[in-house]
2 protein chains.
Amino acid sequence: MDKAATIKDIARRLHISTSTVSRAMRDQPDVNADTKKAVLALAEELDYQPNKVALSLLKKHTYTIGVLVPNLDYFCATAVKGIDEMALEAGYTVMVCQSNESYGREVVNVRRLLESRVDGFIISASSQTKAFDHFKRLQEKNIPMVFFDRETPDMDTHRVVLDNADGAMQATEHLLQQGCKRIAFLAGPPALSISNKRKEGYLAALKKYKTKTDESLIVHCDFNQQYAQVATEELLRRKKRPDGIVTISDRIAIGAMLAIKEKGLRMPEDIALVGFNNEPVTSLLSPSISSVDQPAFEMGKIAARTFIELLNSHEKPPVSTITLKPRLIIRESSRIKV
Amino acid sequence: MDKAATIKDIARRLHISTSTVSRAMRDQPDVNADTKKAVLALAEELDYQPNKVALSLLKKHTYTIGVLVPNLDYFCATAVKGIDEMALEAGYTVMVCQSNESYGREVVNVRRLLESRVDGFIISASSQTKAFDHFKRLQEKNIPMVFFDRETPDMDTHRVVLDNADGAMQATEHLLQQGCKRIAFLAGPPALSISNKRKEGYLAALKKYKTKTDESLIVHCDFNQQYAQVATEELLRRKKRPDGIVTISDRIAIGAMLAIKEKGLRMPEDIALVGFNNEPVTSLLSPSISSVDQPAFEMGKIAARTFIELLNSHEKPPVSTITLKPRLIIRESSRIKV
DNA sequence: GAAATTCCCGGTACCGTTCCCGGGAACGTT
DNA sequence: AACGTTCCCGGGAACGGTACCGGGAATTTC
């Protein structure tokens with residue numbers, strides 16, 4: 001890379017001081033109109049761009065946000081797009097790191113981003129993360145951070161989350177209204193907050209409708225479509241098989257769907273199904289799959305906005321939790337024509 | 001954010017000079033074993049992390065890669081994952097910017113990343129980009145860059161691309177072998193290199209099988225599923241409707257599929273269909289959609305590796321073009337049982 | 001006409017780190 | 001005893017930019 005033009009180059013060629021050039025570039029007072037014009041002209045000619053690295057060193061912030069996500073699937077990619085949008089508007093750039101749902105990778109990524117001196121973090125934690133020291137260290141250093149989607153227990157942080165319980169509740173309630181009597185719940189890793197919240201909603205709906213809960217109908221299947229398929233096959237082999245399934249993700253719902261089709265059962269007549277995320281694919285399958293929609297793009301934008309407000313306020317604001325509302329999208333997989 | 005410990009803090013507390021601390025931290029000679037131990041211990045205690053920003057200023061490189069992609073859909077997200085993987089391994093961090101297929105946004109992103117002093121760029125150009133000044137300026141400044149997927153005409157740059165012509169050729173040839181006589185081609189924006197290359201492959205296959213080409217069967221439909229659906233509806237309304245469709249993306253193929261289903265036509269008996277990208281969704285639809293698989297993850301990894309090699313070699317290596325091979329995955333949408 | 005004000009500009013320190021150079025102390029070599 | 005090595009260490013400059021302070025010249029004010 002050729003060395004880029006610096007403020008010194010301009011100063012030298014114009015026989016003025018770097019201070020003056022600096023002032024001229026930033027449209028500050030205390031600089032003659034003619035010199036300013038000369039500076040600006042030469043800057044244009046040399047394609048001068050202020051060196052953000054030097055500024056970062058001086059001002060002690062980098063105008064970059066470290067974004068930590070488990071992956072870049074539909075939901076996260078959409079959320080990242082929202083973050084990006086907001087960040088760009090506010091003059092920030094974004095460093096995205098994927099943990100691939102691995103705790104070790106997450107720790108490494110935090111470290112790297114910290115070394116790069118990001119101004120703070122926007123985080124959706126890996127599902128395998130059970131220790132939170134790496135996050136707590138950030139908190140001790142008073143580094144701003146905002147969590148979104150995947151919450152972390154035992155930490156006082158800003159969060160932007162979905163009302164997960166409500167989402168699962170809507171889904172479960174819907175199936176109950178359609179006449180389902182035995183509703184299974186395909187959950188994620190046992191330690192995952194969103195999975196547990198959704199389970200609460202599922203249980204609450206059953207309780208509300210005075211349906212007895214059967215713990216054996218709750219199956220943990222990671223985020224794996226394959227695994228979900230196997231788990232569903234097992235469910236369908238039981239003598240008292242479920243007539244409805246609520247899942248915590250569309251991937252899992254698809255796994256379930258494959259198992260149901262394989263078995264030759266009809267959807268929704270024999271068994272109704274609801275996914276979570278409202279990925280575009282759900283509307284394309286046949287039958288199309290009902291799913292709980294979460295405003296991913298919005299969530300990203302709000303997380304970024306919260307983060308930036310956090311940065312700009314110097315008196316530390318109290319931690320806030322912003323909860324967004326899910327919306328059940330009913331499709332063929334659960335619409336029982338009466 | 002609390003101020004992080006610096007090398008000066010350590011030096012002061014140990015009554016030694018910053019030079020010595022610096023040497024100790026980097027395991028250099030010319031430092032006594034005891035002092036080194038003391039430095040390391042104190043560094044640990046203060047959770048000292050070298051300030052990369054200061055280093056960047058001094059060394060004139062930031063160990064960050066600017067990644068420019070049109071979006072984060074399946075293909076790009078997978079490629080970015082490959083880039084990320086490779087970058088992490090080599091000690092680089094990645095700044096991902098999405099252009100949302102907008103030329104203006106792309107220009108802005110180049111500028112921002114340049115201000116952030118990334119060491120170079122890995123780029124897949126926006127489909128709306130027809131002027132390349134923003135890229136050429138990079139080239140003039142000798143800033144390393146590698147293009148992947150979306151090529152740019154008239155520029156001598158390193159590239160990692162798919163053999164797009166071959167991919168479309170395989171798809172078209174396959175349909176011809178299945179007995180299709182009138183094969184339509186759903187293309188992308190007319191200026192998009194990958195679209196044009198694939199068109200060439202399509203035409204080459206027709207020629208090879210001595211099938212006469214009909215320009216009216218080539219329809220440009222952006223990357224829009226909706227538009228593809230409308231375009232296909234129009235195709236199907238013609239008196240001499242096509243009996244096969246080759247598309248340049250799975251999104252477009254899905255649009256086409258919706259139109260075909262709407263019309264009540266059978267796939268593949270009445271009309272056969274092949275997509276491009278081999279997104280997971282293609283295997284889930286019914287009928288499942290044949291698609292040309294491209295090794296996105298690999299492409300990302302190779303692009304990153306090429307980029308890093310480019311950085312490390314100081315004598316400028318000649319521009320290289322690495323071409324990866326596509327692989328046609330045949331599914332129900334085009335498998336005609338004879 | 002002296003004083004005060006305005007208008008411009010330059011010098012210097014600083015951000016955190018590395019690198020180069022120089023030099024003192026201890027040791028070994030003749 | 002004089003010299004050369006080796007081992008450690010510190011001082012300064014540099015990276016590119018901004019902020020603060022101080023000051024000369026021109027202009028205004030009384």
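Visitor: Which of the 28 residues around DNA strand D come nearest?

Guide: First, how to read the labels: residues are numbered from 1 along each chain as its sequence is written, while chains are lettered from A and ligands numbered from 1 in the order in which they are written. This is a predicted model, in which local features need pLDDT of at least 70, side-chain atom pairs count only at pLDDT 80 or more, and totals for chains, interfaces and linings use all residues; side-chain values use heavy atoms, with hydrogens and water left out. A residue is near a strand if one of its heavy atoms lies within 4 Å of it. Among the 28 residues around DNA strand D, those that come nearest are A:I7, A:S22, A:R26, B:T20 and B:K60.

Visitor: Which residue has a polar side-chain atom 3.4 Å from a base nitrogen of DNA strand D?

Guide: Let's set the phosphate partners aside. A:Y48 places a polar side-chain atom 2.7 Å from a phosphate oxygen of this strand, and B:N32 has a backbone N or O atom 2.8 Å from a phosphate oxygen. The residue with the base nitrogen at 3.4 Å is A:S19.

Visitor: Which element gives the largest share of the surface near DNA strand D?

Guide: The candidates that give two or more residues are α1 (7-14), α2 (18-25) and α4 (52-59) of chain A, plus α2 (18-25) and α4 of chain B; these are DSSP runs numbered from the N terminus, helices being H or I of at least four residues and strands E of at least two. The largest share, 4 residues, comes from α4(A).

Visitor: Lovely, now the other strand. Which residues come nearest to DNA strand C?

Guide: There are 28 residues around DNA strand C, with both chains taking part. Those that come nearest are A:T20, A:K60, B:I7, B:S22 and B:R26.

Visitor: How far is a polar side-chain atom of B:S22 from a phosphate oxygen of DNA strand C?

Guide: Of the atoms of DNA strand C within 4 Å of the protein, 66% belong to sugar or phosphate and the rest to bases. On the base side, B:S19 has a polar side-chain atom 3.4 Å from a base nitrogen. On the phosphate side, A:K60 comes to 2.7 Å from a phosphate oxygen. For B:S22, the distance to a phosphate oxygen is 2.5 Å.

Visitor: How much area is buried between chain B and chain A?

Guide: In contact, meaning heavy atoms within 4.5 Å, are 54 residues of chain B and 55 of chain A. Buried area is the accessible area (1.4 Å probe) that two parts lose on being put together, summed over both. Carbon and sulfur atoms give 53% of a total of about 5,100 Å².

Visitor: Which residues meet in a salt bridge at 3.5 Å?

Guide: The rule, a side-chain nitrogen of Lys or Arg within 4 Å of a carboxyl oxygen of Asp or Glu, finds 4 salt bridges across the interface of chain B and chain A. The pair with an N to O distance of 3.5 Å is A:E85 and B:R105.

Visitor: Which element supplies the largest share of the side of chain B that touches chain A?

Guide: Several elements of chain B each supply at least two residues, including α5 (74-89), β2 (93-98), α6 (103-115) and α11 (250-262). The largest share, 7 residues, comes from α6(B).

Conventions: A polar contact is a pair of N or O atoms within 3.5 Å; within protein, one must be able to donate a hydrogen and the other to accept it, and residues adjacent in sequence count only if both atoms are side-chain atoms.
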